[in-house]
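Please walk me through this structure in the viewer, one selection at a time, with attention to its pockets and cavities.

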Amino acid sequence: MPPRLLSWLALLGGGLLLFFAPSSVRAQAPTLGPFDAHAAVGEVETSGDAAYDAEAQVLRLEGRGAGLTGRADAFHAVWRTVGGDVLLRARTDRRGEAAGPSRVRGWTLRADRSSDAAHVSVVVEGDGRAALRYRPAAGDTTRTIPVAHNDPDVLQLARDDSAFTASVARFGHTFTREQVADVALGDSVHVGLFVAGPAADTTPAVAFRNVRLVTPASDGLTEYEEYLGSRVETMTVETGHRTVVHREDRSLQAPNWTLDGAALIYNSEGRLYRFDLATETPEEIDTGFADNLNNDHVLSFDGTTLGISHGADEHDGASIIYTVPVEGGTPTQVTPQGPSYLHGWSPDGDWVTYTGARDGAYDIYKIPVDGGEEVRLTSAEGLDDGSEYAPDGEHIYFNSVRSGTMELWRMRPDGSGTEQLTDDRFNNWFPHVSPDGASIVFLSYRPRVAPGDHPFYRQVYLRRMPADGGAPEVIAYVYGGQGTLNVPSWSPDGNRIAFVSNTGAATLE
């Protein structure tokens, strides 16, 4: 392949991307994804290129130069200017893939685009070593803190006030982190993904997938009163490739997948919406008087009926469970008392399971879907939540704090035969069983979050494990939490899941 990725006018998504001299900022059409421009920094012998596949949501970047070393840098990057705190994440190629043995790649936060600017960067060398590199002030020598040696392909860089944290992972594993503080970048910084390498290197461009620029919540944000914007995402579970299908600057939460695979159902501001995946448009679902819905909503296994949780005035705002036709209609009450937070539906359609707050204790109950007497299934001390039937009806999966940390468990439908499935340093919530019953996907908070809490706006993992237990693997690195994965979220064919990630409006793309 010639040194340049593209040396002509490239047709991308119906628009033209025009390349100019390497030292200039290029004009793009239609977009570079979340970035505004691309350009070389420092002295490079050969021009670099950038191209964004809007349909696949993949950025390909080619560049030359010595990288981020010494007192002067040389590389090619895509750029955007942001202010304040920011969280940057992307998945890139590894050795043996398009990255090649001599490619240097990563994220950089810079005071400006001069070659000797103050910066903090996370870098992966061609030999698979990852490091946090930084120049404390303009003209200083770049310093290096090793992070990992395992050829990581998930790269994250975060700015939190005066602290900068580089996090790296081999996809499927949790992050390894290093931190530095008090680098003189100023409030407004240049954010970039970059690539560097020898001029003679003709390796194809490096691909960056799952690129996310996040404006995190401020310390002063009041949860359940103030909200960040939302990205509704779908992900192919086997590959980890993610697609943002919808964005709004308000809170969207807890997407279900309809049985025909054509739509997602999520809640926002007390209402439910059906999001058509083909037309990429949301439409409100009529739920009659139930206009104070929380994010606990579940589809019946046959796809015809929605279970919803509504803060009813006649119950002093406590959450009460109702059912309503999936296309909308008048709700039918199921639970006689609240709070009752719906989570599961039996495969035969006869029962729903939920978390009930009774006499100060939060336990799991089930009740006939047509109403009747509720049956208490758990009685251990501490919170039990997130109950969901396996597709064969043999088990109910749930999360419980009974062991001291929030872990995943399962039991028989009558509450007997309780088994613990996870036991690690994370707090694990909301197990969702795949349509074939073989695996479960769940959300994991880091240990700093209290075991009984599932807050908004944290760095979380989505993980998968065999339904009978085993070693979990990370399938997504997400900024989210509450509302990300509260409800059954598998596609009917079992290939994808849907979830919500969050960011402030400044980086909502």
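How many cavities of 30 Å³ or more does the count come to? The count comes to three. The model is a predicted one, and the tour below starts with the whole chain before turning to the open and enclosed spaces.

**Whole protein**

Show the protein as a cartoon. The secondary structure consists of 39 strands and zero helices. With a radius of gyration of 24 Å, close to the 23 Å from the globule rule for 509 residues, the protein is as compact as a globular protein of that length. Oriented along its principal axes, the C-alpha trace spans about 75 × 45 × 40 Å.

Switch to a surface. About 19,200 Å² is exposed, and 47% of that area is supplied by carbon and sulfur atoms. Of the 509 residues, 58% count as buried. If contacts are drawn between residues at least 6 apart in sequence, 51% of them join residues at least 24 apart.

**Largest pocket**

Next, select D160, P216, R448, Q459 and Y479. The largest pocket has a volume of about 750 Å³, and these five are the closest to its centre among the 26 residues that line it.

Now colour the strands β7 (86–92), β12 (154–160), β13 (163–169), β14 (176–181) and β37 (458–466), each of which supplies at least two residues of this lining. Which of the strands gives the most to the lining of the largest pocket? The answer is β12, with four residues. Coloured by class, the lining shows eleven nonpolar, six polar and nine charged residues.

**Second largest pocket**

Move on to the second largest pocket, which holds about 520 Å³ of space. Select Y224, N294, N295, Y341 and Q482, the closest to its centre of the 23 lining residues. The elements that contribute two or more residues to this lining are β20 (263–268) and β27 (340–345). By class, the lining of the second largest pocket has twelve polar, eight nonpolar and three charged residues.

**Largest cavity**

Hide the surface and select R89, A90, R91, V154, F171, N210, R242, I475, A476 and Y477. These residues line the largest cavity, where about 70 Å³ of space lies. Both β7 and β38 (473–480) supply at least two residues of the lining. Six of the lining residues are nonpolar, one is polar and three are charged.

**Second largest cavity**

For the last stop, select R89, Q156, F175, R177, R446, Q459, V460, Y461, Y477 and V478, which line the second largest cavity. About 40 Å³ of space lies there. Two or more residues of the lining come from each of β37 and β38. The largest share, three residues, comes from β37. By class, the lining of the second largest cavity comprises five nonpolar, two polar and three charged residues.

**Residues to keep on display**

Some selections recur between stops. R89 and Y477 belong to the lining of the largest cavity and to that of the second largest cavity. Q459 is in the lining of the second largest cavity and is also one of the residues closest to the centre of the largest pocket. Among the strands, β37 supplies at least two residues to the lining of the largest pocket and three to that of the second largest cavity. Likewise, β7 supplies at least two residues to the lining of the largest pocket and at least two to that of the largest cavity.

Note on methods:
Residues are numbered from 1 along each chain as its sequence is written. This is a predicted model: local features need pLDDT of at least 70, side-chain atom pairs count only at pLDDT 80 or more; totals for chains, interfaces and linings use all residues. Side-chain values use heavy atoms; hydrogens and water are left out. On a 1 Å grid over the protein atoms alone, a cavity is a set of points where a 1.4 Å probe fits but cannot get out, and a pocket is an open set with protein on both sides within 12 Å along at least five of seven lines; lining residues have an atom within 4 Å of a point. Grid points are joined across faces, edges and corners, and a volume is the space filled by probe spheres set on the points. Ala, Val, Leu, Ile, Met, Phe, Trp, Tyr, Cys and Pro count as nonpolar, Asp, Glu, Lys and Arg as charged, and the others, Gly among them, as polar. The radius of gyration is taken over C-alpha atoms; the globule rule is 2.2 Å times the number of residues to the power 0.38. Buried means under 20% relative accessible area, exposed over 50%, partly exposed in between (1.4 Å probe, protein chains only). Contact means heavy atoms within 4.5 Å. Accessible areas come from the Shrake-Rupley method with a 1.4 Å probe; for residues, only the protein chains shown count as cover.
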